[in-house]
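Q: Please take a close look at one part of this model, and then work outwards from it to the strands and helices around the fold. I would like one connected account, with care over what pairs with what.

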Amino acid sequence: MEKLRIMSVFGTRPEAIKMAPLVKELKTREEIESICCVTAQHRQMLDSVMEVFGLKADCDLDIMTPNQTLSMITTKCLTGMDGAIERFQPDMILVHGDTSTTFAGALSAFYHKVKVGHVEAGLRTYNKYSPYPEEMNRRLVTALADLYFCPTANNRENLLREGIQNGVFVTGNTVIDALKTTVRKEYRFTTDLLNSLDYEHRKVILVTCHRRENYGEPMQNIMEALRDIAEANEDVELVYPVHLSPTVRQTAWRYLTGTPRVHLIDPLDADEMHNLMARSYMVMTDSGGLQEEAPALGKPVLVLRRETERPEAVDAGTVALAGVRYADILRMGNELLHDEAVYARMAHAVNPYGDGFACRRIADAIEWHFGRRAQRPEDFSA
């Protein structure tokens with residue numbers, strides 16, 4: 001019997017971090033031929049992750065262009081996938097999460113009548129413009145997919161309410177698998193700044209902010225709050241790896257340049273980001289992935305968004321929704337810095353996102369679906 005040809009398609013840094021351990025797990029399976037296809041929606045940031053995890057693409061669509069729009073990303077990905085599918089003839093295409101690459105990859109698979117597996121399925125805010133365009137990307141992929149790999153039981157419930165009954169698995173989140181390989185106590189950073197910070201005696205706050213829906217006034221509010229938190233707390237060091245988006249960089253430089261103890265640095269490789277997070281006091285972010293990663297490392301997270309599609313962490317107490325209003329961000333940031341009881345509750349809450357074996361469950365589910373394994377894998381339970 002021929003091996004199953006499973007093609008993993010991704011194009012951004014967050015996708016790559018979460019798909020890398022799965023690609024590597026698939027390569028260990030005798031029943032599977034693992035094919036890695038990258039769109040390079042984010043060229044530079046994608047390449048750094050590939051290097052960290054030792055991955056080599058079997059197919060690179062190299063679609064990124066300066067000032068690319070969502071329409072450009074989607075159409076270039078669609079046309080590029082035609083050749084990739086014709087060349088490799090996959091039995092299933094795996095896409096991750098909610099990017100334009102995710103949607104275009106799933107749509108292309110549908111056009112070629114290839115089955116779709118959706119990794120990190122079932123996340124919802126039920127507000128189609130927040131996060132934008134991610135919320136609609138993942139809803140559209142739900143309509144196209146055949147297998148759904150949900151990080152949590154809550155994600156499965158979302159799909160069940162939408163009438164998705166078959167092919168649904170609760171696996172945990174693959175990012176927890178990734179953290180097992182990247183975080184090391186003896187880790188040395190590549191920059192003097194990160195090596196020289198006093199993580200033991202200073203309160204290092206890791207910040208990321210880049211969401212499209214935060215452009216404009218919300219991002220200005222966030223930057224002003226970050227500036228004032230740093231200025232008011234002399235024991236704080238704020239480290240902000242600034243996204244490569246020109247809009248984000250201009251806003252960050254405008255509001256934070258020259259603020260004492262605020263370090264604006266370039267984006268970090270995955271292993272550096274994970275190890276910086278592990279040594280930080282807390283995280284303030286509008287990212288999705290960091291809401292899952294930081295709790296696994298015992299770090300409280302303030303989410304700089306109006307809502308989150310990851311309510312499990314809010315319910316568990318590892319994450320708090322700070323929103324995008326200046327006063328709320330300032331108040332909640334200072335509370336975590338000064339109230340030891342609040343900090344301890346968040347830092348010691350149970351992480352609901354996985355046990356580090358999500359990739360194994362996903363690979364088992366694929367083999368079971370195609371009749372290469374006798375038993376359906378057990379669902380993850382937090």
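**The cavity and the sheets**

A: In this predicted model, the largest cavity is lined by H96, V119, E120, F149, P151, T171, G172, N173 and T174. The volume of this largest cavity is about 30 Å³, and with a cut-off of 30 Å³ or more the count comes to one cavity. Rolling a probe the size of a water molecule over the atoms is what shows where such empty space is left.

One of the lining residues, H96, leads on to a strand, since H96 falls within β4, which covers residues 92-96 and pairs in the parallel sense with β1 over four bridges. Within that pairing, I93 of β4 stands opposite M7. Strand β1, which spans residues 4-10, is mostly covered, with six of its seven residues buried. β1 also pairs with β2 (residues 32-38), again running parallel, and here seven bridges join the two strands. In this pairing S34 of β2 is the bridge partner of I6. Between these two strands the chain passes through helix α1 (residues 13-27), and the resulting β-α-β crossover is right-handed. Strands of a sheet, whether parallel or antiparallel, pair through backbone hydrogen bonds.

Further along the chain, an open sheet of six strands, paired in parallel, follows the order β10-β9-β8-β11-β12-β13. Its edges are formed by β10 (262-265) and β13 (319-321), and because each of these has a single partner strand, one side of each is left without a neighbour in the sheet. From one strand to the next, the twist averages 20 degrees.

At the β10 edge, four bridges join β10 to β9 (residues 236-241), with the two strands running parallel, and H263 in β10 stands opposite V239. Helix α10, made of residues 246-256, packs on the sheet and touches both β9 and β10, while its direction makes about 155 degrees with that of β10. A further helix, α11 (residues 270-279), lies across β8 (203-208), β9 and β11 (282-285), and runs at about 140 degrees to β8. Strand β9 is therefore a point where the two helices come together in this description, since α10 touches β9 and α11 lies across β9.

Key. Residues numbered from 1 in each chain as written. Predicted model: local features only at pLDDT ≥ 70, side-chain atom pairs only at ≥ 80, totals over all residues. Heavy atoms only, no water. Pairing = 2+ DSSP bridges. Axes fitted to C-alpha atoms, helices over the stretch in contact; angles between N-to-C directions. Contact = heavy atoms within 4.5 Å. Buried < 20%, exposed > 50% of the residue type's maximum accessible area, 1.4 Å probe, protein only. Right-handed = clockwise from strand over helix to strand, strands pointing away. 1 Å grid on protein atoms, 1.4 Å probe; cavity = no way out; pocket = protein on both sides within 12 Å on 5 of 7 lines; lining within 4 Å. Points joined across faces, edges and corners; volume = space filled by probe spheres on them.
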